[in-house]
Amino acid sequence: MKLDPFYLIVDSAQWIDRLVPLGVKLVQLRIKEMEEADLRAEIRRARETCARHGSQLIVNDHWRIAIEEGCDFIHLGQEDLAAADLAAIRQAGLKLGLSTHDHNELATALAAEPDYVALGPIYPTILKKMKWAPQGLERIAEWKEHAAPLPLVAIGGLTPERIPGVFGHGADSAAVVTDILRNPDPDARTREWIEATAPWR
Ligand SMILES: Cc1ncc(COP(=O)(O)OP(=O)(O)O)c(N)n1
Ligand SMILES: Cc1nc(C(=O)O)sc1CCOP(=O)(O)O
Ligand SMILES: [Mg+2]
């Protein structure tokens, strides 16, 4: 499976409505605190927008609703994975991306036979408190050796300026939140990302 090299992560369907039409082909909906009915509505709206634009939607965490809403790709962290019904996820035909931060987590992830593995945080991130120090670029190359032929997603503190280093060390896709959502001009920054990742598309 090939992932688009630009992997946008947003926290609302509104962001998806705004940024996907600019040409984003891979987007994760990552919503943390929300009533189930509202969450379901967000996921449904995100799925519809992505379907209209030929973009791949990945739903973070909420695998049951993703199945019920007819989504086809989810992302889980290690704790999410431990609590999830992997058989139900497979039975529903969903593709699965998994987070990893150390060798134990990588072994756990590979044993679950995911569709991609994510490694982070590559650089410091302000989005959430992490218990892992920044991994650095060399770690990407190390992860690639273990994870190949699965696609490898790099995440954490990424910017267009950091993209050549990330792909040069073997990442297949670069995931980003803050550099776009907190940018004074998110639309222009999204276009910059699309252009900066074009050589790897
Ligand atoms: C592409 C990608 N990589 C890692 C994560 C982090 O997932 P997780 O560890 O479950 O943390 P939360 O995002 O749920 O806070 C991700 N979402 N996407
Ligand atoms: C959500 C998330 N997970 C990470 C991990 O390492 O698993 S790093 C991260 C934050 C990514 O956001 P930003 O682009 O703002 O740094
Ligand atoms: Mg999670």
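## A walk around the barrel

In this predicted model, a right-handed β-α-β unit is formed by β5, α6 and β6. That unit is a good place to begin, so let us look at its parts. Strands β5 and β6 run parallel to each other, joined over four bridges. One pair to find on screen is glycine 97, which stands opposite tyrosine 116 in β6.

Now step back to the whole sheet. Eight strands close into a barrel with parallel pairing, and their order is β1-β2-β3-β4-β5-β6-β7-β8. From one strand to the next, the twist averages 25°. Helix α6, covering residues 103-111, packs on this sheet and touches both β5 (95-100) and β6 (116-119). The direction of α6 makes about 170° with that of β5.

The next helix along is α7, residues 137-147, which also packs on the sheet; its contacts are with β6 and β7 (152-155). Here the angle between the direction of α7 and that of β7 is about 155°. Together β6, α7 and β7 build a right-handed β-α-β unit. The two strands of that unit pair in the parallel sense over three bridges, and leucine 119 faces alanine 154 in β7.

Elsewhere in the barrel, β3 (residues 56-60) and β4 (residues 73-76) pair in the parallel sense too, over two bridges. There, valine 59 stands opposite isoleucine 74 in β4.

Strand β6 deserves a closer look. In a regular strand, side chains alternate between the two faces of the sheet. In β6, Tyr116 and Ala118 point one way, while Val117 and Leu119 point the other way. All four of these residues are buried.

Ala118 also leads us to ligand 1, as one of the closest of the 15 residues that surround this ligand. The others named as closest are Gly77, Ser99, Ile155 and Ala175. Both β5 and β7 contribute to the shell, each with at least two residues. By class, the shell around ligand 1 holds four nonpolar, seven polar and four charged residues.

Ligand 2 has 16 residues around it, with Gly120, Thr125, Gly156, Val177 and Thr178 the closest. Its shell divides into seven nonpolar, seven polar and two charged residues.

Gly120 is worth following further. This glycine lies in the loop between β6 and α7. Is glycine 120 buried or exposed? It counts as buried because 21 other C-beta atoms lie within 10 Å, and the threshold for burial is 20 or more. Leaving aside residues up to four places away in sequence, glycine 120 touches His101, Gln135, Ala154, Ile155 and Gly156. Alanine 92, by contrast, is far off on the screen: 28 residues separate it from glycine 120 in sequence, and their C-alpha atoms are 28 Å apart in space.

For a second loop position, turn to alanine 148, found between α7 and β7. This alanine is exposed, because there are 12 other C-beta atoms within 10 Å and the limit for exposure is 12 or fewer. Between the C-alpha atoms of alanine 148 and arginine 182 the separation is 33 Å, and the two residues are 34 apart along the chain.

Key. Residues are numbered from 1 along each chain as its sequence is written. Chains are lettered from A and ligands numbered from 1 in the order in which they are written. This is a predicted model: local features need pLDDT of at least 70, side-chain atom pairs count only at pLDDT 80 or more; totals for chains, interfaces and linings use all residues. Two strands pair if DSSP finds at least two bridges between them. Axes are lines fitted to C-alpha atoms, for helices over the stretch in contact, and angles run from 0 to 180 degrees between N-to-C directions. Two residues are in contact if their C-beta atoms, placed from the backbone, lie within 7 Å. A residue is near a molecule or strand if its C-beta atom, placed from the backbone, lies within 6 Å of it. Ala, Val, Leu, Ile, Met, Phe, Trp, Tyr, Cys and Pro count as nonpolar, Asp, Glu, Lys and Arg as charged, and the others, Gly among them, as polar. A crossover is right-handed if, with the strands pointing away from the viewer, the path from the first strand over the helix to the second runs clockwise.
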